[in-house]
Amino acid sequence: MKKGKHLIQRGLILLLGNEKTQPITLPLFAVFLSLLLGMVIIAVTGANPVNAYQNLLQGCGILPKPSYAAYKNSFTDFTGFLNAWTPMLFASLAVAVALKAGMFNIGVSGQMLISGFMASILAGYADGLSGLTAKFLVLLVGIAVGMLSGGLVGWLKYRFRVNEVVSTIMLNYILLYAVSFCIHMWYINPVSRQSAPVTQASRLTLLDVSAGGMKIDIPLGILLAIGIAFLLRFLLNRTTFGFEIRAAGKSPEAARYAGMQVGKNMVLAMMLSGALSGLAGVTYYLGYFGSIRPKVLPAVGFDAIAVALLGNSNPAGVILSSFLISILEKGNTYMSSRSGVPGEIASVITGILLLVSACTGYIRYRINRLKECGPNTEEKGRKGRRGEQSV
Amino acid sequence: MEYMVEMRHITKRFPGIVANDDVTIQIRPQEIFALLGENGAGKSTLMSMLFGMYEPDDGEIWIRGERVRITSPNQAAGLNIGMVHQHFKLVQNFTAAENIVLGTEPVKRLFGALPCFDKQQAEQQIRDLSHKYGLEIDPAKRISDMDVSARQRVEILKMLYRRAEILIFDEPTAVLTPQEIRFLLEIIRELKDQGKTVILISHKLEEIKQIADRCAVLNHGRLTAVRDVKDTSTREMAALMIGNELPEPMEKKEIQVSREILRVEHLTVENKNHLPVVRDVSFSVRGGEIFAVAGVAGNGQIELADAIAGLLKAKDGGIYLNGADISQFNVKRRIVSGLSYIPEDRQTTGLVLDFSLADNLILKKYGREPFSRRGILNPDEIGRYAEELIGRYDIRSARGKRTLVRSMSGGNQQKAVIGREIDLQNPLLIFVQPTRGLDIGAIDKIHRQILKEREAGKAILLISLELDEIMKLSDTVGVIYNGTMTRISDAKSLTADQIGAYMMGVKGA
């Protein structure tokens, strides 16, 4: 038994001990551990965990399903998955940028909602616009409105020292009820109890495109999202603006001492975060869906906080973590219909994932300590105890 | 029982270095035993093992003649070992009493059943304890409202409350003013008289000379000597510590001062409660001159430096650099105008601890060519520059320019700050407490650097709490008391005692 423990310790040190690769290996370890725990939970519900995971991937078009409805195949499933992934990626990037600047943007949901709403009424309901113009306008409005709502939070913090956690939570509710009020008054579709659907021209997802006998939904935003993630990476790591933002995030006092304008950078970072939320909003409400459900804040905005943390607030990491979480969220319908595992299990796994990734700091500490003391502490300890007795 | 603590043949390795190499020390009951050595000599590691924070790779620890194995601080506490760390470990928003009893709180039963914390009893216990040992504190006061020396007394009481008999002090005087140091040494002597065994980690030889009975000297992880303090001169101790003969006594060349570079006129600064902390201060510093501001901590000298550097807004008065009024400039413009600033707190102000060494070295230059062009950073140039500074200022770290500054030793962190600031090649250098918490070797190097900058014709404003430092370096001394510059004189015309008297606010000394 002791020997086994010893071996595991050595293995862990070998896998995770290298401090240079720890930023990559530790999150991967966290993911692996949570998927393992998820399997245990699925097994407890009485289903086959391997099948359930397979179903998750099948639901996202990553693995082929045994049978398909007309005009559908695994590729159409995959584009459907991309469609859901897009807003998640944008929203997570929004949280990540704010975190880099040392701020916690909990208001992504509200910023998404107001951007989606403004884009809907300014471009989504306009008749006679060409597809290109309408889509361009939607993006523009989304970015601008998001930027304003994010910038407001940064400005409140800079000017009146209002903690951004408080202001974003409050703004979430203000925006939610204001938007819901407007929808109920002027834009309601009485049948669906949602806002009236936006025009096809303004949708950021091309619906039912016929190609090769299939009807495919093409989410245009995903390419933009991945492109922006890499652009953001460049911006944060390789520009003076990114340098200032990161310095302000790590140590505002030192940033000020070095002559940086911390307040200005704070506002700019929040504007950037807001603009990304805006893009999340328009790809969500005018891409993934075509309308807005009043009185509901998009859950994506909150999941994004966890996704950004899991991705270490690093744009490349966020691409991976948002991909993973989106699989869980998107694939669970198919999983529950196929293997009878309740769809909520996917949320449970997401929760475990977040819990474990929140513990990576602790795991890192244990591993490094184990490494410092040497893997042979156990053996030494026994020897030591024997020594004590002989005295 | 001949020895209270014996550490036999202790060896401790960390990746890349041997922190302790076959060290054997024996400490008698009721003595004050000093551990001497430069930063990184292995003193703290050795004591951390005694306190259960690490386990030795080799060797044995014996307490009161019994072999023990200490795997956690709790176990150490069980063996009546207590430690006051250099950086205090206190909960800021708890009161002194709450901090002291934390973990072993006295319990009362509410309504005869519900167990809950008995605050009154705790405070009474602390009050009794503090009277017994002469450690004055207010048990009901929050830590955040206390000054450094009061916090230290809380730490000491924390050990005593846990019935510690073996007391380890890690660099206890590094953060204290001269008066507070005297008071602390008094307390330590008192503790000894009450039957405690004291281990003192320090590199301030004067203090060891004053209170320690014996001292052990560590050098690069090895034990080089154990001496009776009363038979050993401080010079001898210093030589043992550095491992070879003392560096040449510093020579301060006579140089011609040039024109005036910094002039401060009627400067008044208020703190955030709108109380004046710097009152109507005027002075000037010329090229090739070291102007030292002497004063007891908290008399406005930090605010004075911050106001000149632009971190604090001046309420009134003028600040002239090379003849131009910079008092309305922001921090960046002041840097560009020719002001370098080594701040008091290198960890929160001078450095971004979670940035790499290279990024910290360009913290004030990232916006200039060749480090960036049109807002795009150039990592090659940044790396090259970092390596150049690392070489020139002998900044040591585990992974070179990529090292996170947080993981570097205090001395090397300070070298990084000083290297960066000197290399801005500005005519004015402001040093605030440049050698705080550093060992003799590092202090010596920094003092030489300051003198070198003086010879290069820089104007230097030195703010220090160490009278020795001021006497050694300064050309002109200004004494600050309660925010007012009470006296400005040629350094040669004043003795240390006179400066000390002015610092305490004595008039006409």
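These legends go with several close-up views of a predicted two-chain model. Local features here need pLDDT of at least 70, side-chain atom pairs count only at pLDDT 80 or more, and totals for chains, interfaces and linings use all residues. Residues are numbered from 1 along each chain as its sequence is written, with chains lettered from A and ligands numbered from 1 in the order in which they are written.

**View 1. Helices α5 and α11 of chain A cross at about 60 degrees.**
Here α5(A), residues 108–124, sits against α11(A), residues 262–288, with the axes 7 Å apart (axes are lines fitted to C-alpha atoms, for helices over the stretch in contact, and angles run from 0 to 180 degrees between N-to-C directions; helices are DSSP runs of H or I, at least four residues, and strands are runs of E, at least two, numbered from the N terminus). The pair is therefore oblique (under 35 degrees is roughly parallel, over 145 roughly antiparallel, 65 to 115 roughly perpendicular, the rest oblique). α5(A) makes a right-handed crossing with α11(A) (the near helix is turned clockwise from the far one by less than a right angle; anticlockwise would be left-handed). Among the residues that meet are A:G116 and A:A119 from α5(A), and A:G278 and A:G281 from α11(A) (contact: C-beta atoms, placed from the backbone, within 7 Å). Sorted by class, there are 9 nonpolar, 9 polar and no charged residues (Ala, Val, Leu, Ile, Met, Phe, Trp, Tyr, Cys and Pro are nonpolar; Asp, Glu, Lys and Arg charged; the others, Gly among them, polar).

**View 2. Helices α13 and α14 of chain A pack at about 160 degrees.**
Residues 315–339 form α13(A) and residues 344–358 form α14(A), and their axes are 8 Å apart. That angle makes the two helices roughly antiparallel, therefore, and their crossing is right-handed. On the α13(A) side, A:I325, A:L328, A:E329, A:N332 and A:M335 take part; α14(A) brings A:A346, A:I349 and A:T350. The tally is 5 nonpolar, 2 polar and 1 charged.

**View 3. Chain B meets chain A through 27 residues of its own.**
Chain A puts in 22 residues. On the chain B side, β5 (66–68), α10 (331–338), α11 (346–350) and β20 (376–377) each supply at least two residues. That side splits into 13 nonpolar, 6 polar and 8 charged residues.

**View 4. Two stretches of chain A carry a UniProt "transmembrane region" label.**
The unreviewed entry lists residues 106–126 and 168–188 among its spans (positions follow the numbering used here, feature names are shortened, and annotations may be inferred rather than shown by experiment). Residues 106–126 are 81% helix and 0% strand, with end C-alpha atoms 32 Å apart. For residues 168–188 the figures are 95% helix, 5% strand and 27 Å.

Methods. Two residues are in contact if their C-beta atoms, placed from the backbone, lie within 7 Å.
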